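User: I should like to learn how to read the local features of a protein model. Could we work through an example together?

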Amino acid sequence: MTISVRKAASAAVLSAALGAALAGCGGGAGPSDGGREARLGTPAASASASARASASASATATATGAPSAAGAAPQPGAPARPPTLAPGPNGLTPVFERAGQHTDKTVALTFDADMTADQGPRAAAGERFDNPELISTLRTLRVPSTIFMTGRWAEEYPDQAKAIGTDPNFEIANHSYSHHAFTTPCYGLPALDAAAARADVDRAFAAFRTAGAVNTVPYFRFPGGCYDDQALRALSTAKVTAVQWDVVSGDAFAKDPDAVAEQVLAGVRPGSVVVMHCTRSAAPVTEEAIRTIVPELRKRGYRFVKVSELIGK
């Protein structure tokens with residue numbers, strides 16, 4: 001699962017949810033390794049100067065083609081030249097967290113469709129890593145959304161991946177193939193070296209193509225929200241923009257949809273990116289929370305957009 005805390009001051013409030021959510025993806029919480037500057041879902045609080053410069057670079061967004069991993073030529077129905085950020089210092093993969101200097105009330109709801117490479121037996125035994133009811137509700141409410149999907153999820157649910165990836169209401173972004181860690185420590189997730197990390201991203205894009213998804217965008221979300229400069233360097237040739245978030249929904253393993261809705265509504269600001277989940281077994285109340293969040297934010301004057309529109313501002 002991808003769960004984060006925006007600031008150190010918020011960590012105490014959300015630490016229980018963090019540990020439970022990330023443990024559900026294959027590991028328990030681990031301490032941050034300050035020597036390696038690993039960001040465990042807290043890029044704004046602990047990023048190095050180069051990562052902070054990348055994260056604040058939304059004003060330098062430039063239109064580029066889809067990354068080589070996603071395919072050189074856009075397919076019919078695919079977004080035309082989705083915007084990305086310029087590379088960070090020394091060519092590091094840029095990081096986007098929230099649209100800065102926003103005066104209009106726009107917000108991007110993002111949903112992580114998580115499934116790790118080794119969870120096939122659990123799916124075969126009946127565990128549901130999908131959430132078709134959530135997707136249906138987003139369609140009914142006409143909420144443009146960005147789905148950060150793992151390649152393993154697309155393999156397990158190819159029909160759903162194609163349906164999402166051919167619906168103009170949605171765009172599919174890369175959440176890795178395996179949901180393994182791109183730096184350590186990362187809540188006990190198995191770690192990939194630089195070469196394996198780069199290949200993992202390519203493999204996820206390939207899984208989306210195989211499923212028939214065409215609305216793919218060159219954005220990437222680190223498993224567990226964990227990254228450091230080495231991870232950003234490993235992905236530099238993929239030409240993706242790493243996308244984090246500034247609002248934690250707390251939906252992972254939550255039992256109270258009202259509490260999830262309240263947490264989102266309390267955190268949203270103009271230009272916010274909200275992280276939620278599209279994984280029924282691990283985030284069972286997300287769909288119900290959405291039915292509260294969406295009308296309330298619209299009542300407050302917010303307009304829902306995909307991440308590509310926020311980056312393109």
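The dialogue below takes up overall content, helix faces, helix packing and backbone geometry in turn.

User: To begin, how many helices and strands does the protein have?

Analyst: This is a predicted model. The protein contains twelve helices and 13 strands. Of its 313 residues, 57% are buried. Among contacts with a separation of 6 or more, 81% are between residues 24 or more positions apart.

User: How does one read the sides of a helix, and which residues of α10 are buried?

Analyst: The general idea is periodicity: an α-helix has 3.6 residues a turn, so residues three or four places apart point the same way. In helix α10 (residues 257-267), the buried residues are P257, V260, A261, V264 and L265. Because they span an arc of only 125° around the axis, they lie on the same side of α10. The face turned away from that buried side carries the exposed residues E262 and A266.

User: Why does A266 count as exposed, and what covers the buried residues of α10?

Analyst: A266 has 68% relative accessibility, and the cut-off for exposed is over 50%, so A266 counts as exposed. The C-alpha atom of A266 is 9.0 Å from that of V247, a residue 19 positions away along the chain. As for the buried residues of α10, their cover includes β11 (247-248), β12 (272-277) and α11.

User: Where do the buried residues of α7 lie as seen down its axis?

Analyst: The buried residues of helix α7 (residues 158-165) are Q160, A161, I164 and G165. Viewed down the axis of α7, they fall within an arc of 125°, so they line one face of the helix. Elements covering them include α5, β6 (145-149), α6 (151-156), β7 (170-174) and α8 (194-211).

User: How should one read the packing of two helices, for instance the angle at which the axes of α5 and α11 cross?

Analyst: One considers the approach of the axes, their angle, and then the residues in contact. The axes of α5 (residues 132-140) and α11 (residues 286-299) come within 9 Å and cross at roughly 15°. Angles under 35 degrees count as roughly parallel, which is why α5 is described as roughly parallel to α11. The crossing of α5 past α11 is right-handed.

User: Which residues of α5 and α11 meet?

Analyst: From α5, the participants are E133, L134, T137 and L138, and they meet T286, E287, I290 and R291 of α11. By character, the residues of this contact comprise three nonpolar, two polar and three charged.

User: What should one look for in the backbone, and where do H179 and F253 lie?

Analyst: As a general expectation, most residues other than glycine have a negative phi, and most peptide bonds are trans. H179 has a positive phi near 60° and is placed in the loop between β7 and α8. With a relative accessible area of 0%, H179 is buried. F253 also has a positive phi, near 65°, and lies in the loop between β11 and α10. At 34% relative accessibility, F253 counts as partly exposed.

User: Which residues does a cis peptide bond join?

Analyst: The bond between T184 and P185 is cis, with omega about -5°. P185 belongs to the loop between β7 and α8.

User: Finally, is P83 buried or exposed?

Analyst: P83, found in strand β3 (residues 83-84), has a relative accessible area of 16% and is buried. The C-alpha atoms of P83 and K313 are separated by 9.1 Å, although the two residues are 230 residues apart along the chain.

Conventions:
Residues are numbered from 1 along each chain as its sequence is written. This is a predicted model: local features need pLDDT of at least 70, side-chain atom pairs count only at pLDDT 80 or more; totals for chains, interfaces and linings use all residues. Side-chain values use heavy atoms; hydrogens and water are left out. Axes are lines fitted to C-alpha atoms, for helices over the stretch in contact, and angles run from 0 to 180 degrees between N-to-C directions. Helices (H or I, at least four residues) and strands (E, at least two) are DSSP runs, numbered from the N terminus. Angles under 35 degrees count as roughly parallel, over 145 as roughly antiparallel, 65 to 115 as roughly perpendicular and the rest as oblique. A crossing is left-handed if the near helix is turned anticlockwise from the far one by less than a right angle, and right-handed if clockwise. Contact means heavy atoms within 4.5 Å. Ala, Val, Leu, Ile, Met, Phe, Trp, Tyr, Cys and Pro count as nonpolar, Asp, Glu, Lys and Arg as charged, and the others, Gly among them, as polar. Buried means under 20% relative accessible area, exposed over 50%, partly exposed in between (1.4 Å probe, protein chains only). The arc is that of the directions from the helix axis to the C-beta atoms.
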